[in-house]
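Hi there,

Here is the structure I promised to pass on. Have a look first, and my notes follow below.

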Amino acid sequence: MGNDGTKKYHILTYGCQMNVYDSEVLSGYLENMGYDHTEKEEEADVLIINTCAVRKKAEEKVFSRLGKLRPLKEKNPGMLMVLWGCMVQQESAAQKVKEKYGFVDLVAGTHSLGRFPDLLEKARVSPRTILDLETEEEREDLPIKRGHKAKAWVPISHGCNNFCSYCVVPYVRGPEKSRPLQKILNEVKELVDNGYKEITLLGQNVNSYGKDLDQEMDFADLLNILDHLEGRFQIRYMTSHPRDFSEKIIRTIQHSQKICEHFHLPLQSGSNNVLKLMNRGYSREYYLGLVEKIRVLVQNSSVTTDIIVGFPGEEEKDFEDTLEMLEKVRFDAAYTFIYSPRKGTKATEMKGQVSSDIKKKRIVTLNEIQSRISMEINQQLLGTEQVVLVEGRSKTDPNVYTGRTRTNKIVHFSTNENLLGMFVNVEITAAKSWTLTGNFKNKVTTQESGVRSQNEKTGENI
Ligand code: 5AD
Ligand code: SF4
């Protein structure tokens, strides 16, 4: 509680952007109930940990954090401690919490968002941990407190039907459910009216948007409608599945103005054997064809990826296939992961589990090669001028700003003007694998911001 008697909340969020969004909804509820946000967890009357289950490491972090929070709860028994989200949606993890961390007041999974106020009240009066792992959910018209003033995230679908064999998401977030178009449109329009400059559409597989809806509507149609909304803003989307990235989507982006030329296409592995075992539904040849199509149609675009090393059955030859794909595609950046067995997924049961030593060696090799490629690509930007949406300031020096190019590259630059939330031109003066540095030139006029000109983007038709 604050010195002035106000009730406070603090939320720790692990995992993906969808979790960040869910935490924004939890914040919205708490603010409506009269709570204020606090940066200090020891000051909180309600402390929420929003968990992730994608890799074991994420779960270990939560348990270690819980251990450290135990004395805080003992000192302040009136504090309500809440464990939320993907990790606890798994029966085994929820049981472990109940048995070993009985001081937690409420344990609730991803589907409980619409029930949060009731659950919190129940937890307040119950001497025992309240567990809510129901799969029924209501996700429309919930309150929200956005964490950023210029960038906003808007879910277009929830859940996933793909069952990639390593992935726990379909088990913890349930089957794919697209949001009705009108709900998405209303949310985006309101954000743009309120001055947001970047909208990121969220879903586990955004490319399959609309398949479960009554209306004839796919992801390309949705992008096209949003691109034609009034206002100076830009559009991103995550995450894509290469199998569902249709030519119609690419052509929509080619002819759009607001959609950023950044293609995040998780490859996962460059070996056809491993891709099959992963149940990804595409081959390396298909993937190379897709990237080529994108590069011909949408010029000046960037392509990034996710890669898992040490998937069961990944032999040296398969790993070399992945390295070869790095050289063939030349990704702007790659997010690399060591395979982590997840209970309940098919891959956990597969033979040929790779030793921890080999996994570690492979990820080091992979990162070295990708680092060099990213550096080479970024060096080509030296001396160019880039449009950057200014996102924040450096914690150590308020005159150092950070932003991103439309291709999603991080740029640092210095100025003493207040530029937060603006589109600016920056001349690139230094380039590393993950970040660019530059000189601030000028603010982008309203004519240009969030929009690219037709001649900049349209490649040859293929
Ligand atoms: N082990 C390691 N990485 C994983 N990912 C998903 N599941 C696992 C797992 N079990 C990675 C994938 C995905 C990214 C978000 O996390 O690369 O694209
Ligand atoms: Fe997981 Fe595959 Fe669904 Fe992505 S598409 S959330 S990797 S099952």
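How many disulfides does the count come to? Taking a disulfide as a pair of cysteine sulfur atoms within 2.5 Å, the count is zero. Cys164 is buried at 9% relative accessible area, and Cys167 is buried as well, at 17%; buried means under 20% relative accessible area and exposed over 50%, with partly exposed in between (1.4 Å probe, protein chains only).

A word on the basis: this is a predicted model, where local features need pLDDT of at least 70, side-chain atom pairs count only at pLDDT 80 or more, and totals for chains, interfaces and linings use all residues. Residues are numbered from 1 along each chain as its sequence is written, chains are lettered from A and ligands numbered from 1 in the order in which they are written, and side-chain values use heavy atoms, leaving out hydrogens and water.

Next, helix H5, residues 116-125 (helices, H or I, of at least four residues and strands, E, of at least two are DSSP runs, numbered from the N terminus). Phe116, Leu119, Leu120 and Ala123 are buried there. Seen down the axis of H5, these buried residues fall within an arc of 100° (taken from the directions from the helix axis to the C-beta atoms), so they line one face of the helix. Asp118 and Val125, on the other side of H5, are exposed.

There is also an open sheet of three strands, ordered E7-E10-E11 with parallel pairing; two strands pair if DSSP finds at least two bridges between them. Its edge strands are E7 (151-155) and E11 (234-238). Five bridges join E10 (residues 198-202) to E11, and Glu198 has Gln234 as its bridge partner in E11.

Enjoy exploring!
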